[in-house]
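Trainee: I would like to go through the terms used for this model one at a time. For each, please set the value against the criterion.

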Amino acid sequence: MARRMIVKIGEDILRKKCKEVTEFDASLGELLDDMKETMLDADGVGLAGPQVGILRRVAVVSPNGKNFYEFVNPVIVSSSGTQICREGCLSVPGINGEVERPKKIEVMAYDRNGRRFLLKAEGFLANICCHEFDHLDGILFIDKMMGKR
């Protein structure tokens with residue numbers, strides 16, 4: 001595993017839509033491992049492909065630094081409720097603000113081996129997933145931040 005450089009706001013890659021992963025191989029596993037290490041080293045709770053310079057639909061999430069979720073080609077298939085979350089981002093240092101997100105989501109994604117799975121998430125985990133999945137479409141939390149001018 002290796003730590004990767006986290007891309008910061010202002011870099012074009014953060015505003016691009018990611019391509020689907022089609023190869024479930026050793027390099028995908030290496031990327032996911034590197035993303036986990038990078039996220040933990042930066043004291044983050046989530047990290048998406050574009051944040052490490054990779055335009056692929058991949059994200060890693062860990063709400064507590066112990067339980068890890070890996071998402072390849074994630075799609076939110078349902079959502080309900082709303083919650084206001086205070087967010088920050090490893091790619092947007094020094095800024096945080098409130099964002100309205102779904103309270104509950106159901107995600108369909110693939111694991112590193114190409115096996116499809118469904119995950120039901122709520123609260124903080126749902127918030128992190130929504131934040132990271134937005135990165136895959138070139139959306140940053142500051143685009144959705146409440147009270148922005």
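Trainee: In what order do the elements of the protein run from the N terminus on?
Mentor: The order is α-β-β-β-β-β-β-β-α-α, that is, three helices and seven strands. Keep in mind that this is a predicted model.

Trainee: What makes the protein as compact as a globular protein of that length?
Mentor: Its radius of gyration is 14 Å, and the globule rule gives 15 Å for 149 residues; the two values are close, so the description holds. Along the principal axes, the C-alpha atoms fill a box of roughly 45 × 30 × 30 Å.

Trainee: How much of the protein is buried, and how much area does the protein expose?
Mentor: Buried residues are 48% of the 149. About 7900 Å² is exposed, and carbon and sulfur atoms supply 48% of that area. As for contacts with a separation of 6 or more, 66% of them are between residues 24 or more positions apart.

Trainee: Why is L32 called buried?
Mentor: The cut-off for buried is under 20% relative accessible area. L32 has 0%, so the term applies. L32 lies in helix 1. Leaving out residues up to four places away in sequence, L32 touches V58, A59, V60, E70, V72 and R112. The C-alpha atoms of L32 and F71 are 9.1 Å apart, although 39 residues separate the two in sequence.

Trainee: And why is M5 called exposed?
Mentor: Exposed requires over 50%. M5 has a relative accessible area of 72%, so M5 qualifies. M5 is in the segment before helix 1 (26–41). Apart from neighbours within four places in sequence, M5 is in contact with Q51 and V52. Between the C-alpha atoms of M5 and M35, 30 residues apart along the chain, the separation is 9.8 Å.

Trainee: How do you know that the length of helix 1 agrees with the expected span?
Mentor: Helix 1 has 16 residues, which at 1.5 Å a residue should span 22 Å; the end C-alpha atoms are 22 Å apart, so the two agree. After helix 1 comes D43, with a positive phi near 60°.

Trainee: Which residues of helix 1 are buried, and what do they pack against?
Mentor: They are L28, G29, L31, L32, D34, M35, K36, T38 and M39. Their packing partners are strand 1 (46–48), strand 2 and strand 3 (69–80).

Trainee: What makes a set of residues a nonpolar core, and which members of the largest one touch the most other members?
Mentor: The members must be buried residues of the listed nonpolar types, joined through side-chain atoms within 4.5 Å. The largest such core has 17 residues, and F71, I105, V107, L125, C129 and F133 touch the most other members. Two or more residues each come from strand 2 (58–61), strand 6 (104–110), strand 7 (116–122) and helix 2 (124–135). Helix 2 gives the largest share, six residues.

Trainee: Which residues does F133 touch?
Mentor: Beyond residues up to four places away in sequence, F133 touches A59, F71, P74, I76 and V107.

Trainee: Where does L32 belong, given a second, separate core?
Mentor: L32 is in that second core, which has 13 residues and also includes M35, V72 and L90.

Definitions and conventions
Residues numbered from 1 in each chain as written. Predicted model: local features only at pLDDT ≥ 70, side-chain atom pairs only at ≥ 80, totals over all residues. Heavy atoms only, no water. Helix = DSSP H or I, 4+ residues; strand = E, 2+ residues; numbered from the N terminus. Buried < 20%, exposed > 50% of the residue type's maximum accessible area, 1.4 Å probe, protein only. Contact = heavy atoms within 4.5 Å. Expected span 1.5 Å × (residues − 1). Rg over C-alpha atoms; globule rule 2.2 N^0.38 Å. Areas by Shrake-Rupley, 256 points an atom, 1.4 Å probe, with all protein chains shown as cover.
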